[in-house]
Amino acid sequence: MAIAADRVSTAGMIVAVVVALVLLVIVERSLLDVRKPADKPSPPAEAAEKAAGTTPASPQRLESRVAELMKKERGRVARMVYGRQGGDPVVAVTRQTADRMWAFGVAALPVPTSSSAMPQVALFLARWEGRRWRAGLSGTEGFRALLRVVPTRLLPATEIRTLARYSAGPVTQPQLMLPWQIGESRRVTAMPAQMTFDGGDGQVLAASDGLLYRFCTDAAGNGLVVIVNDTGLATEYYRLSDITRVADGTPVRQGDYLGQTGGPGTCGGATAATTLFGLGQGDGDLPLSGRTLGGWRFRDGWAQRGAEKIMPGQELSNFGP
């Protein structure tokens with residue numbers, strides 16, 4: 001009887017130990033489950049943080065923001081110049097810092113097919129501020145304010161100085177030549193606010209020194225080129241083909257090759273085999289009238305050199321800067 005009692009007692013102790021071990025495992029599991037969310041956010045929590053803006057937004061969101069700015073700040077002028085509403089803005093981010101907190105790029109408002117005007121374009125600068133992109137278009141105080149604090153890992157100091165002058169408006173005019181070889185002539189088909197030309201060997205050359213930026217370019221190398229001189233004045237070239245492949249922001253010299261005459265209208269506008277040339281500053285176009293290019297003084301729709309006058313449809317010789 002004593003031996004049987006001892007066996008029962010031993011069995012009871014074993015059961016008690018097993019139950020205690022099971023309870024201990026359950027308690028430890030529950031403690032681990034309580035600590036886990038605090039140690040590492042679950043995927044839904046990570047998604048919520050990203051949505052709240054703790055990481056830089058995608059380039060697509062920035063492009064949408066810049067497109068809104070173009071419509072708001074340049075839309076009215078574009079409608080006046082074009083005579084009607086153009087297409088949706090064409091925006092391209094061309095540079096970003098490694099941390100994606102700063103971005104730089106180009107934007108254009110396409111021209112309706114009924115118009116032969118130069119497309120309205122702008123450079124933009126943007127900074128991620130935790131929940132949204134703060135962006136500014138060239139020619140505005142927003143752009144100039146961002147230029148004052150932009151890191152040189154995005155824009156070199158020399159480019160910052162040039163773009164500050166471009167955004168504020170040119171204070172002087174550089175020596176300008178016509179956008180083809182010195183000593184050669186081109187047929188000029190219009191000379192109102194801008195000039196259209198064709199003929200010769202078809203090469204389009206830089207009318208001034210400056211930094212080169214491309215707009216509305218396609219895979220075939222067609223588009224619009226803007227060269228910003230260090231005085232702040234820009235020369236603009238539209239309907240180019242075979243555009244030079246140098247990177248945006250690259251310095252070019254007066255007379256450097258830019259492209260060929262008569263590319264397609266990648267920024268819209270009337271179809272033509274001619275190239276459109278004009279002048280501009282950060283907030284829009286400047287008229288040719290009253291300026292000297294290639295040895296000619298431009299008037300309202302014609303050019304003069306001494307007693308000689310050239311009207312649309314005639315050949316215009318390039319006498320250099």
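## Worked exercises on a predicted model

Thr261 sits in strand E12 (residues 257-261); strands (E, at least two residues) and helices (H or I, at least four) are DSSP runs numbered from the N terminus. The model is a predicted one, in which local features need pLDDT of at least 70 and side-chain atom pairs count only at pLDDT 80 or more, while totals for chains, interfaces and linings use all residues. Residues are numbered from 1 along each chain as its sequence is written, and side-chain values use heavy atoms, with hydrogens and water left out.

### Exercise 1: Thr261 and Arg239

Task: find out whether Thr261 is buried or exposed, and which residues it is in contact with.

Solution. Start with the cut-offs: buried means under 20% relative accessible area, exposed over 50%, and partly exposed in between (1.4 Å probe, protein chains only). Thr261 has a relative accessible area of 16%, so it is buried. Next, look for contacts, meaning heavy atoms within 4.5 Å. Leaving aside neighbours within four places in sequence, the partners of Thr261 include Phe197, Asp198, Val204, Arg239 and Thr275. Now follow one of these partners: Arg239 lies in strand E10 and is buried at 4% relative accessible area. Its phi is near 65°, a positive value in a residue other than glycine.

### Exercise 2: another positive phi

Task: describe where Cys216 lies and what its phi is near.

Solution. First place the residue: Cys216 is in the loop between strand E8 (210-215) and E9. Then read the backbone angle: phi of Cys216 is near 55°, again positive in a residue other than glycine. Last, check the cover: with 12% relative accessibility, Cys216 counts as buried.

### Exercise 3: the largest nonpolar core

Task: say which residues touch the most other members of the largest nonpolar core, and which strands each supply at least two residues.

Solution. A nonpolar core is a set of buried Ala, Val, Leu, Ile, Met, Phe, Trp, Tyr and Cys residues joined through side-chain atoms within 4.5 Å. The largest has 29 residues, and Leu178, Met195, Tyr237, Phe277, Phe298 and Leu316 touch the most other members. At least two residues of this core come from each of strand E6 (195-198), strand E9 (223-228), strand E10 (234-241), strand E13 (275-281) and strand E16 (296-298). Another core, of 28 residues, lies apart from it, with Trp102 and Leu163 among its members. To finish, take Phe298: beyond neighbours within four places in sequence, its contacts include Leu178, Met195, Ala303 and Leu316.

### Exercise 4: strand pairing

Task: work out in what order E15, E16, E17 and E18 form their sheet, and how E5 pairs with E6 and with strand E19.

Solution. Two strands pair if DSSP finds at least two bridges between them. The open sheet has the order E15-E16-E17-E18, with antiparallel pairing. Its edges are strand E15 (292-293) and strand E18 (308-310), each paired on one side only. Within the sheet, two bridges link E16 and strand E17 (residues 303-305), and Phe298 stands opposite Ala303 in E17.

Turn next to strand E5 (residues 185-190), which runs antiparallel to strand E19 (residues 315-317) over three bridges. Here Arg186 faces Leu316 in E19. E5 is also joined to E6 by three antiparallel bridges, with Ala190 opposite Thr196 in E6. The hairpin from E5 to E6 passes through four residues.
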